[in-house]
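Please walk me through this structure step by step, in a way that suits someone who has not seen it before.

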Amino acid sequence: MALPGGATATVEHPRRAVATVVFVVFLDLVGFGIVIPILPYYVRSFGVGDVFIGLLAATYSLMQFLAAPTLGRASDRWGRRPVVTLSLAGSAVAWVVFGLGDVAGEAAGPAIGIAVLFAARALAGAMGGNIAAAQAYVADVTAPEDRAGALGLVGASFSLGFIFGPAMGGALASETAVRAAAGLPIPATRFSLPAFGAAAMSLVALGVALVALEEPARHRTSGVRSTLVGDFVTALRDPALRGLVLAFFLVSVAFAGVQVMFIPFVADASAYGFDASAAALLLTYVGVLGAVNQGLLVGRLADRFGSGRLAVAGATILFVALAALPFAPALGELVPAVTGPAWLTPELVALLAVLGLLSFGNGLLNPSLATLVSSNTGADRQGTAFGVTQGAGSLGRTVGPPVAAALYALVYWSPFVAGAVLVLPVIALLVAVARGEEGRPA
């Protein structure tokens, strides 16, 4: 069959293929989102400091950094479908092991329990590189003019995962769920049940991928071997990709640190004092906004303004939101008295407004960056390019959480403000990329 204009691979039903990839990513991210609300409380249950929250997040991201370029390169050579299915199976195993951490801690001591968590997060991180293959798949089967919207849908599936995932995690961590599962032949605790739920979602995603994900017929790269370092060096030598790789890294350092310390912030702040279930609702709120932004707005805005300008706007909005986030309780003093339920305080209204701004900025920035990577990369190296940029993002998520956790222990607002400062050079880099995009012949 004929390719969609500018697409580099063919499948029997391109629209269905993209929809399948989006659905698989959504299911995988639901599983990922399930454990986010309970992660800080899980770590604290072993009697260790908050720095271990950052280190645990960094372990996942370090392994993703090491694996993402390899998986992206493997998908260029061997196919997208095998990489996606293998990584989903590995993720299911990792979540089961993660759920057994508190059981291991009770049987053999807190040190062993923490070690099990780290081992599980390392395996999950290695399997998390499948996003590069998913993005490359979408780039394969879509025309350049449709790519921003299609990659926006992949981004929207992330946000949808964070709508349903944290909400499910909060529900599975509740006393009601633990009591209901007491008769099942599995360890049933407020920490194990969300992890087992995440494993179940990975298995469902695996089933969908095996049944419905079609491998695109496309040109494969040759058998020439490359290395992780070699891929990064090649990308950094390429003027079209250098700034984008650096932008992925800096944004990931900033955003990952803030994301990891956000739940401790809303748990510790006297104006909020939220538990895991309440924190899950906040994450669900952010996910709803992100899904709307990326699923409905990004493609239309990119058609009108271009991905370069959209990336600049997203980074600028993200800067403002990160800088304002720790001061939401103080900003609440500027909010008029709210008529409504007692829990809807001015401080919460201010926090919801800042989170909405953060979601909008991130929703514009991430798919725009992915589109710029695709448009600046040859057709036969889409997977490799996405693997490198995802690897750069993973390296940023390795650095960000432990640094943010250490800063949080010193001054609660410092990781958020530091994240905002890191976005400033990203804005400068993207302004240069946007100018180059405007000067490129149509």
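Is R44 buried, partly exposed or exposed? The structure shown is a predicted model, and in it R44 has a relative accessible area of 30%, which places R44 among the partly exposed residues because that class begins where the buried one, under 20%, ends and stops at 50%.

R44 also has a charged partner, for it forms a salt bridge with D268, in which the closest N and O atoms lie 3.6 Å apart. In general, side chains of opposite charge can pair when their charged atoms come close. D268 is likewise partly exposed, at 42% relative accessibility. The pair ties together distant parts of the chain, since R44 belongs to helix 2 (residues 39-44) and D268 to helix 12 (residues 239-268), with their positions 224 residues apart in the numbering. The count of salt bridges in the model comes to one.

Turning to the interior, the model holds three cavities of 30 Å³ or more, and the second largest of them has a volume of about 100 Å³. Thirteen residues line this second largest cavity, and the closest to its centre are V21, V24, V25, V84 and A134. Helix 1 (14-35), helix 4 (80-99) and helix 7 (130-141) each give two or more residues to this lining, with helix 7 supplying the largest share, five residues. By class, the lining consists of ten nonpolar residues, one polar and two charged.

Helix 6, finally, covers residues 110-127 and reaches 26 Å from its first C-alpha to its last, close to the 26 Å expected for its 18 residues. Its buried residues include G113, I114, L117 and R121.

Definitions and conventions:
Residues are numbered from 1 along each chain as its sequence is written. This is a predicted model: local features need pLDDT of at least 70, side-chain atom pairs count only at pLDDT 80 or more; totals for chains, interfaces and linings use all residues. Side-chain values use heavy atoms; hydrogens and water are left out. On a 1 Å grid over the protein atoms alone, a cavity is a set of points where a 1.4 Å probe fits but cannot get out, and a pocket is an open set with protein on both sides within 12 Å along at least five of seven lines; lining residues have an atom within 4 Å of a point. Grid points are joined across faces, edges and corners, and a volume is the space filled by probe spheres set on the points. Helices (H or I, at least four residues) and strands (E, at least two) are DSSP runs, numbered from the N terminus. Ala, Val, Leu, Ile, Met, Phe, Trp, Tyr, Cys and Pro count as nonpolar, Asp, Glu, Lys and Arg as charged, and the others, Gly among them, as polar. The expected span of a helix is 1.5 Å times one less than its number of residues. Buried means under 20% relative accessible area, exposed over 50%, partly exposed in between (1.4 Å probe, protein chains only). A salt bridge is a side-chain nitrogen of Lys or Arg within 4 Å of a carboxyl oxygen of Asp or Glu.
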